[in-house]
Amino acid sequence: MDEDQTRIVTQARGRDERLDERVHCLELVDGHGLVRRHLVGSAGAVVGRAAPADIILADTEVSRAHCRVALEGEGLVVSDLNSTNGTFVDGTRLTGAAFLPVGAVLRVGRVSLKHEWRTCLEVVQTDQLDRDLTRASAYVQALLPPPLVQGPIRADWLYQPSAKLGGDAFGYGPLTDDLFLAYLIDVSGHGAGAAMHSVTVMNLLRQHALPSTDMADPAQVLASLNAMFQMEQHAEMYFTMWYGVYDRRSRRLSYASAGHHPAFLVPPAGGEFTPLRTRNGLVGAVPGKVFVADTAQVPAGASLFLFSDGVFEIVTNDGQEWGLNDFLPLILKPAVDGLTTCQTIFRDVTKAARPGGFDDDFSLVVLTFD
């Protein structure tokens with residue numbers, strides 16, 4: 001071997017040795033499913049709301065200097081720094097310094113950080129995976145339609161996946177000069193597989209590309225999707241769906257749902273809302289399934305609320321499990337100044353939910369028909 005080749009081999013061996021070393025990490029999964037990974041070295045780290053803290057958490061319940069994490073031997077020890085709201089390890093409030101085992105959860109304010117002990121190679125690989133998933137998430141977001149702030153039909157939405165990639169998808173837009181369609185899909189499961197499945201369905205609907213299907217007929221649309229996406233041919237994945245077509249001339253909304261809870265039509269003055277649902281099975285579960293549709297008249301100024309079950313299936317701060325009826329009063333509340341209707345509802349659900357993010361994707365679409 002010549003000198004250059006020998007030098008390359010020596011450098012690779014040194015790099016491999018460093019990649020095998022283990023480091024302590026505090027890992028936070030934020031509301032968008034993105035991992036923020038903080039390495040804790042020999043100098044330790046102060047967790048707080050603002051500099052000069054080493055790990056800064058933008059949470060009003062976190063003190064400026066909240067707690068300190070120190071390396072002792074081959075483990076981590078955490079100490080509260082007289083914080084206002086306390087420091088917790090696996091749900092137990094600290095009264096002094098405490099060992100933070102690998103896998104334990106450190107809660108500071110409303111933020112949870114998990115202690116992981118990873119090799120440098122694992123850190124490099126997971127950082128690369130995070131970047132790849134972030135790009136994939138950006139692609140999914142780019143397929144969603146822009147809000148409509150003007151015109152006879154206005155549209156607002158808020159989408160927050162529970163993981164880096166979610167299984168929800170939705171869309172709306174003109175089908176013809178007089179027809180306007182809207183839909184929401186909720187694929188079983190989470191992660192890349194569910195996201196790929198929902199994107200495939202969404203692209204077909206965006207392009208109005210279902211073969212031999214009248215896109216203005218909700219029952220036909222669901223039947224075509226059911227034939228194309230049988231679960232045994234798609235990794236056992238199925239999805240629920242709501243699909244509707246609004247006729248501007250007659251102000252009539254044709255709709256069909258497949259295993260999905262109702263959408264809700266709210267009159268302009270509020271008060272009583274109308275659930276819009278047809279009792280069809282899941283898409284992809286039964287071959288040859290016949291789907292049925294229904295219609296509703298839309299008053300001028302009425303709003304249609306279309307959402308996934310992740311919007312209302314939460315566990316509250318006091319440990320109660322919400323259902324649809326717990327959520328519905330929120331759609332009748334007026335929007336808060338400076339926030340859209342969707343942002344107001346998201347704020348109220350977030351306040352009610354226990355810390356740590358949602359267990360399922362949060363997808364909410366509000367259409368208003370002038």
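This briefing covers two sheets, the helices that lie on them, the nonpolar cores and the salt bridges of the structure above. The model is predicted. One open sheet of 5 strands has the order 13-14-15-16-19, and an open sheet of 5 strands with the order 12-21-20-17-18 is also present. The largest nonpolar core holds 56 residues, and the structure holds 10 salt bridges.

**The sheet with the order 13-14-15-16-19**

- The strands of this open sheet follow the order 13-14-15-16-19, and their pairing is antiparallel. Strand 13 (168–174) and strand 19 (294–297) stand at the edges with a single partner strand each, so one side of each has no neighbour in the sheet. On average, neighbouring strands here are turned by 15° against each other, direction ignored.
- Strand 13 is joined to strand 14 in the antiparallel sense over 7 bridges, and D168 has D186 in strand 14 as its bridge partner.
- Helix 3 (residues 191–206) packs on this sheet, where it touches strand 13, strand 14 and strand 15 (239–247), and its direction makes about 165° with that of strand 14.
- Helix 4 (residues 218–228) also packs on the sheet, touching strand 15 and strand 16 (252–258), with a direction at about 25° to that of strand 16.

**Strand 16 and its partners**

- Strand 15 and strand 16 run antiparallel and are joined by 7 bridges, and the bridge partner of Y246 in strand 16 is L253.
- The hairpin formed by strand 15 and strand 16 has 4 residues between the strands, and in this hairpin R251 takes a positive phi near 60°.
- Strand 16 pairs with strand 19 as well, in the antiparallel sense and over 4 bridges, with Q297 in strand 19 as the bridge partner of R252.
- Strand 16 is mostly covered, since 5 of its 7 residues are buried.

**The sheet with the order 12-21-20-17-18**

- This open sheet of 5 strands has antiparallel pairing, and its edge strands are strand 12 (153–160) and strand 18 (274–276), each of which pairs on one side only. Neighbouring strands are turned by 20° against each other on average, direction ignored.
- Strand 20 (residues 302–307) and strand 21 (residues 362–369) run antiparallel and are joined by 6 bridges, and F305 finds its bridge partner in strand 21 at V366.
- Helix 6 (residues 341–352) lies across strand 12, strand 20 and strand 21, and runs at about 30° to strand 12.

**Nonpolar cores**

- In soluble globular proteins, nonpolar side chains tend to be buried together.
- Within the largest nonpolar core, which has 56 residues, L205 and L225 touch the most other members. Strand 14 (residues 179–187) gives the most to this core, with 8 residues.
- When its neighbours within four places in sequence are left aside, L205 is in contact with Y183, I185, L210, M215, V221, L225, M241 and Y243.
- Another core lies apart from the largest one and has 24 residues, among them L158, F312, I331 and L364.

**Salt bridges**

- Among the 10 salt bridges of the structure is the one between E61 and R110, whose closest N and O atoms are 3.9 Å apart. This pair links distant parts of the chain, 49 residues apart, with E61 in the loop between strand 4 (55–56) and strand 5 (67–72) and R110 in the loop between strand 10 (105–108) and strand 11 (111–119). E61 counts as partly exposed at 32% relative accessibility, and R110 is partly exposed with a relative accessible area of 41%.
- K333 and D348 meet through their side chains in a salt bridge of 3.2 Å, N to O. The two residues are 15 apart in the chain, with K333 in the loop between helix 5 (324–327) and helix 6, and D348 in helix 6. K333 is partly exposed, with a relative accessible area of 41%, whereas D348 is buried, with a relative accessible area of 11%.
- D348 also forms a salt bridge with R347, the closest N and O atoms being 2.9 Å apart, and R347 counts as partly exposed at 29% relative accessibility.
- Elsewhere, a network of salt bridges links E27, R37 and R118.

Technical notes: Residues are numbered from 1 along each chain as its sequence is written. This is a predicted model: local features need pLDDT of at least 70, side-chain atom pairs count only at pLDDT 80 or more; totals for chains, interfaces and linings use all residues. Side-chain values use heavy atoms; hydrogens and water are left out. Two strands pair if DSSP finds at least two bridges between them. Axes are lines fitted to C-alpha atoms, for helices over the stretch in contact, and angles run from 0 to 180 degrees between N-to-C directions. Contact means heavy atoms within 4.5 Å. A nonpolar core is a set of buried Ala, Val, Leu, Ile, Met, Phe, Trp, Tyr and Cys residues joined through side-chain atoms within 4.5 Å. Buried means under 20% relative accessible area, exposed over 50%, partly exposed in between (1.4 Å probe, protein chains only). A salt bridge is a side-chain nitrogen of Lys or Arg within 4 Å of a carboxyl oxygen of Asp or Glu.
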